[in-house]
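Subject: Model for you, with notes on its salt bridges

Hi there,

Here is the structure I promised to pass on. Please have a look, and then read on for what turned up in it.

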Amino acid sequence: MLHDRVLVDPDDEQGERRSSGGILIPATVQMGRKLAWAKVVAIGSNVRSVRLGDRVLFDPQERAEVELRNKTYLLLRERDLHAVAAERLQDSGTGLYL
């Protein structure tokens, strides 16, 4: 990876899901603009706030898909990440930082 690039493995949330009230939402329903979570698998040399294995929140519309060894990953810039969920930050209270 070069510069400020982050390679992530997106979470698979393509199927049916349930609302907090227990209502089944089919996969065909179009939701509004929704951010997605992914796991960081590689980072560039200039990435400062993300480490390998972190879970990051990003906008699925701002992405570039890359296929490596028959698996699809997403290539993002560090500035396109909205939040990082990292267990190493347990003392901060929420575990999320921007």
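Below are my notes on the salt bridges and on how buried their residues are.

Please bear in mind that this is a predicted model, where local features need pLDDT of at least 70 and side-chain atom pairs count only at pLDDT 80 or more, while totals for chains, interfaces and linings use all residues. Residues are numbered from 1 along each chain as its sequence is written, and side-chain values use heavy atoms, leaving out hydrogens and water.

Taking a salt bridge as a side-chain nitrogen of Lys or Arg within 4 Å of a carboxyl oxygen of Asp or Glu, the count comes to four.

Asp4 is a good place to start. Its side chain meets that of Arg5 in a salt bridge, 2.9 Å from N to O. Arg77 also forms a salt bridge with Asp4, with the closest N and O atoms 3.5 Å apart. This second pair links distant parts of the chain: Arg77 lies in strand β7 (residues 71–77) and Asp4 in the segment before β1 (5–10), 73 residues apart. Strands here are DSSP runs of E, at least two residues, numbered from the N terminus. Together, Asp4, Arg5 and Arg77 are linked in a network of salt bridges.

For burial, I use under 20% relative accessible area for buried, over 50% for exposed and partly exposed in between (1.4 Å probe, protein chains only). Asp4 is buried at 19%, whereas Arg5 is partly exposed at 27% and Arg77 is partly exposed at 28%.

Strand β7 also holds Lys71, which pairs with Asp9 in strand β1, 62 residues apart. Their closest N and O atoms are 3.2 Å apart in this salt bridge. Lys71 is partly exposed at 35%, and so is Asp9 at 21%.

Best wishes

Note on methods:
Helix = DSSP H or I, 4+ residues; strand = E, 2+ residues; numbered from the N terminus.
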